[in-house]
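Subject: Structure handover

Hi,

Here is the structure I promised to pass on. Please open it next to this message.

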Amino acid sequence: MSAVPDPVMHVTTVDYHTGGEPFRIVTGGVPELVGEDVGARRLWARDTIDEVRQLLINEPRGHADMYGCFVTPPDDDEGDLGVVFFHNEGYSTACGHGTIALATWAVETGRIEVPEGAEMVDMLIDAPSGRLDVTVLLDDVGGVEQVVFRNVPSFVKAEVAIDTGLGTTAAATVAFGGAFYAVADAADFELSVTADDLPAIIEVCRAIKDDLNAEHEWVHPVDDRLRDIYGVILVEPADPAEAEAVLGEEGVAPLVQRNVTVFADGEVDRSATGSGTSARLAVLHHQGRIAVGQGLVNRSIVDSELHGVVTGETTVAGRPAVDTLVAGRAFRTGSHTFTLDPRDDMGTGFQLR
């Protein structure tokens with residue numbers, strides 16, 4: 001009986017979920033990413049070790065809705081961690097649910113030291129979209145209770161009209177929250193944020209994203225590596241009586257909404273989308289629907305929640321913008337060693353959707 005050959009690849013990961021959305025953190029088996037900053041390392045990973053992303057995201061080891069990251073050094077000595085996010089299509093510039101999971105992992109594994117008896121620990125995480133100021137809140141036995149991150153400044157880019165496919169047009173708002181999102185009302189497409197409507201939601205959101213990217217160039221005014229519509233968010237109201245605000249000024253009732261985000265190549269976010277929450281806050285503030293200090297309870301298609309708040313007004317290259325906080329919880333789901341047998345005809349895998 002012949003021995004199994006040495007694997008072509010041997011990659012270790014620790015997996016988490018934030019609000020039901022998976023996040024696969026690479027912990028070994030890859031070289032250190034090359035580049036002067038996280039943005040450059042993102043491009044290096046795309047051009048040099050993309051087979052690792054394919055191995056971890058594609059079936060049979062992953063699936064069309066898998067997400068993950070490479071952990072890198074920060075951009076300078078003031079930072080604590082750097083991160084390069086990846087998904088079914090490539091490499092994103094931002095990932096809020098991933099930031100929450102990564103910070104949880106950093107504390108739970110001792111990557112970030114927690115002083116004895118501390119109630120919270122702060123860290124700075126460098127993402128391709130910019131530096132994120134992260135606070136991990138601890139429970140009375142030192143476990144992670146919640147993660148709150150201050151996102152990069154978020155702003156409205158444009159108001160657009162989009163074809164609903166129903167013989168009508170709908171209003172949408174393109175906003176930046178670490179990546180560009182198009183935000184629209186689900187009702188305009190005769191859809192609801194439910195699993196029953198998910199096939200139609202994916203089809204509609206894919207069409208909106210493709211049309212907007214074909215018709216316009218979407219580029220961040222400061223960093224031209226941050227470009228293109230990344231995801232489409234469909235929103236509907238939720239019952240505020242069922243929600244409790246985690247962030248926001250005392251006595252100010254939170255706004256409660258449900259949403260579903262479809263990003264990358266038809267990938268569906270099970271969480272309420274962290275960077276999308278910041279983009280939504282920018283839209284709501286721009287529309288006068290949410291005030292500074294007022295919380296947003298953001299429910300996902302699987303009824304998990306992220307909480308956000310506009311903490312202040314600012315500008316980006318002279319454009320009105322907002323500062324936001326986003327809060328959520330992540331939980332470890334397992335650890336893995338993935339291998340690729342050189343005899344395996346499937347190689348780094350496939351996607352059926």
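Below are my notes on two strands and their partners, then on the pockets and cavities.

Please keep in mind that this is a predicted model.

**Strand β10 and its partners**

Start with β10, residues 180–185. Five of its six residues are buried, so by the cut-off used each of those five has under 20% relative accessible area. The strand is mostly covered.

β10 pairs with β9, residues 169–176, in the antiparallel sense. Four bridges link the two. F176 stands opposite F180 in β10. The two strands form a hairpin, with three residues between them. Look at G178 in that turn: its phi is positive, about 110°.

β10 also pairs with β11, residues 229–237. Here the strands run parallel, and six bridges join them. Y181 faces G231 of β11 as its opposite residue. How does the chain get from β10 to β11? It passes through helix α4, residues 198–215. This β-α-β crossover is right-handed.

**Strand β16 and its partners**

β16 covers residues 319–328. Seven of its 10 residues are buried, so the strand is largely enclosed by the rest of the structure.

Which strands pair with β16? One is β7, residues 144–150, which runs antiparallel to β16 and is joined to it by four bridges. In that pairing, F149 stands opposite V326. Another is β15, residues 305–316, also antiparallel, with nine bridges to β16. There, V309 stands opposite L325. β15 and β16 form a hairpin with two residues between them. A317, in the turn, has a positive phi of about 50°.

**The largest pocket**

The largest pocket holds about 450 Å³ of space. Its lining has 21 residues. Nearest its centre lie R42, Y91, S92, R227 and D228. Three elements give two or more residues each to this lining: α1 (38–48), α4 and β11. The largest share, three residues, comes from α1. By class, the lining has nine nonpolar, five polar and seven charged residues.

**The second largest pocket**

This pocket has a volume of about 270 Å³. It is lined by 20 residues. D185, V235, Q257, Q287 and R289 are the ones nearest its centre. β9, β10, β11, β12 and α5 each supply at least two lining residues. So the hairpin strands β9 and β10 reappear here. The lining divides into 11 nonpolar, three polar and six charged residues.

**Cavities**

How many cavities of 30 Å³ or more are there in the whole structure? The search finds three. The largest contains about 70 Å³ of space. It is lined by 13 residues, with Y181, Y230, D269, T273 and S275 nearest its centre. α3 (96–108), β12 (255–263) and α5 (274–286) each give two or more residues to that lining. Six of the lining residues are nonpolar, six are polar and one is charged.

One residue is worth finding on screen. Y181 stands opposite G231 in β11, and Y181 is also among the residues nearest the centre of the largest cavity.

Over to you.

Best wishes

Notes. Residues numbered from 1 in each chain as written. Predicted model: local features only at pLDDT ≥ 70, side-chain atom pairs only at ≥ 80, totals over all residues. Heavy atoms only, no water. 1 Å grid on protein atoms, 1.4 Å probe; cavity = no way out; pocket = protein on both sides within 12 Å on 5 of 7 lines; lining within 4 Å. Points joined across faces, edges and corners; volume = space filled by probe spheres on them. Nonpolar A, V, L, I, M, F, W, Y, C, P; charged D, E, K, R; others polar. Buried < 20%, exposed > 50% of the residue type's maximum accessible area, 1.4 Å probe, protein only. Pairing = 2+ DSSP bridges. Right-handed = clockwise from strand over helix to strand, strands pointing away.
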